[in-house]
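Colleague: Got a minute to go through this model with me? I'd like to hear the reasoning behind the labels.

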Amino acid sequence: MACLLCFGAELQAQSTSKAEEKVKLPDIPGYQTLKGDFHMHTVFSDGHVWPSFRLYEADRDGLDAISITEHIDYEGYPDEIRKDYNKSHQIATESAAKTDVLVIQGVEISPRVTPYHHNALFVKDANKLPSDYMKDGKKKFVMKDNPTEKQLLAPFWEAKRQGAFIFYNHPNYRWWDKDKYGLDLFSDLHRKMLAEGLLHGVEVVNSGIYNLEAHRMAEKYNLTMLANSDEHRDISYTYRHSHRPMTLVFAKERSEEGIREALQARRTAVYFDDYLVGREKELDAFFKASLEVKAVKSNRRNVEPVILIHIQNKSDIPYEVVCKSDQDFENLPLGRLTLKPHETTTLTLKTLWQELPEVPLRFEVQNVLVSPEKALQTELRVKVTE
Ligand SMILES: [Zn+2]
Ligand SMILES: [Zn+2]
């Protein structure tokens, strides 16, 4: 909150930056697009900021929901901070009361053997999750020599008992135990967790980095896709050249319950840099909801009939598209163009003297991925007006 001595100045500075940084993304039919970051840390585990600062950031960055997910098995400041993994959520919830940001209680379960790191969201008592696979988690991370499967899965079972949604974080760390479990990052233990209802999603993006293997995993095992920051420090510095990564949640209502339902139903997309990754149904609707397209008859120099296609992009995302129709576009090699955010692009369709009641526009959207190897392909049919 503002310092009492300089209240006015700070308030003004905040409101300016807020207006500049809010993210503008469309809703899709039937659902609100909520922006979430469900993985971050504070001094209550291995982060470097206080929980209220995470709320300040989320509010400034225009997020709808966050989860502060402390490691249940590591304490960075055991001499200064008493171990209580509910505390950061409680502080965050108090700070959230002054904002519109929803705070979802979460934790990170972080063994360095398979199944590796996972977050559990919607837990009710984080202190009840056991971490008996650890030997020492105070200022260092030392696991028992041969933790049993029972010890490794115990926190997952407790999270499930509390009704948690669980996802696999940054699948990447096969070097920790490849000799024992092989190279597949989705191990037999993951398969078992999936069958037991202990695994529901995967981070396709962590710390702003797109993980192709995780994307393939999401598709193969039908997991919810997430993009989270996993921020430990100051997020505005980490993402000074772009927006922070976020999980877009297509929710029936803007509430904790709405987010839970959408995550369970796998209605999410991943937004990082200028990319969107998700499932075709939602991304097709999202791309279409981003645009307002008009086709207007025109008669060039009073002799040549053409149709002017005005494509307005109402979102923050610059869409890199290849656009084709049944007729030829003028001066548009290979149909390539960028639909810049909050701008209208006008194309000229040469009609070859045909009367057209409507025009089909076929797009390949190269920065929208509906599969690891496939960009979104979609079609709009636009009525031609006078
Ligand atoms: Zn982790
Ligand atoms: Zn983490």
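**Two zincs and what surrounds them**

Modeller: Sure. This is a predicted model, and I'd start with the zinc ion (ligand 1): its protein donors are Glu108 (OE), His117 (ND1) and His170 (NE2), lying 2.0 to 2.3 Å from it. Along the chain these donors follow the spacing E-x8-H-x52-H.

Colleague: What makes Glu108 and His170 a link between distant parts of the chain?

Modeller: Glu108 sits in strand E5, while His170 is in the loop between strand E9 (165-168) and helix H5 (178-181), and they are 62 residues apart.

Colleague: Why is His170 called buried?

Modeller: Buried means under 20% relative accessible area. His170 has 10%, so the label holds.

Colleague: How do you know which atoms coordinate the zinc ion (ligand 2)?

Modeller: A donor has to be an N, O or S atom within 2.8 Å of the metal. His39 (NE2), His41 (NE2), Glu108 (OE) and Asp230 (OD) are at 2.1 to 2.3 Å, and they coordinate this ion.

Colleague: And why is the arrangement around the zinc ion (ligand 2) called irregular?

Modeller: Four donors count as tetrahedral if all angles lie between 85 and 135 degrees. Around the zinc ion (ligand 2) the angles run from 79 to 164°, so tetrahedral is out. Square planar needs opposite donors over 155 degrees apart and all others between 65 and 115. The arrangement ends up as irregular. One caveat is that water is not among the atoms, so sites may look incomplete.

Colleague: What ties the two zinc ions together?

Modeller: Glu108 coordinates both, and the ions are 3.5 Å apart. The pair His39 and Glu108 also links distant parts of the chain: His39 is in the loop between strand E1 (32-37) and helix H2 (51-60), Glu108 is in strand E5 (residues 106-109), and 69 residues separate them.

Colleague: How do you know whether His39 and Glu108 are buried or exposed?

Modeller: The cut-off for buried is under 20%. His39 is at 0% relative accessibility, so it counts as buried. Glu108 has a relative accessible area of 1%, so Glu108 is buried too.

Colleague: Let's move on to Asn222. Why is Asn222 called partly exposed?

Modeller: Partly exposed is the range between the 20% and 50% limits. Asn222 has 38%, so it falls in that range. Asn222 is found in the loop between helix H7 (212-220) and strand E12 (224-228).

Colleague: What makes the Asn222 and Arg279 side chains a polar contact?

Modeller: The limit is 3.5 Å between N or O atoms, with one able to donate a hydrogen and the other to accept it. The pair of side chains comes in at 3.4 Å, and it counts. Beyond four places in sequence, Asn222 touches Met217, Arg266 and Arg279.

Colleague: Now the largest nonpolar core. How do you know that it lies between the domains?

Modeller: Domain 1 (2-278) and domain 2 (286-385) both give residues to this core, so it lies between them. The core has 49 residues, and those with the most contacts inside it are Ile309, Tyr319 and Phe363.

Colleague: Last one: why does Asn313 count as buried?

Modeller: Asn313 is at 0% relative accessibility, so it counts as buried. Asn313 is found in strand E17 (residues 304-313), and its side chain makes a polar contact with the side chain of Ser315 (2.9 Å).

Definitions and conventions. Residues are numbered from 1 along each chain as its sequence is written. Chains are lettered from A and ligands numbered from 1 in the order in which they are written. This is a predicted model: local features need pLDDT of at least 70, side-chain atom pairs count only at pLDDT 80 or more; totals for chains, interfaces and linings use all residues. Side-chain values use heavy atoms; hydrogens and water are left out. Donors are N, O and S atoms within 2.8 Å of the metal (3.2 Å for Na, K and Ca); water is not among the atoms, so sites may look incomplete. Four donors count as tetrahedral if all angles lie between 85 and 135 degrees; four count as square planar and six as octahedral if opposite donors are over 155 degrees apart and all others between 65 and 115; anything else is irregular. Helices (H or I, at least four residues) and strands (E, at least two) are DSSP runs, numbered from the N terminus. Buried means under 20% relative accessible area, exposed over 50%, partly exposed in between (1.4 Å probe, protein chains only). Contact means heavy atoms within 4.5 Å. A nonpolar core is a set of buried Ala, Val, Leu, Ile, Met, Phe, Trp, Tyr and Cys residues joined through side-chain atoms within 4.5 Å. Domain bounds come from an automatic or database domain assignment.
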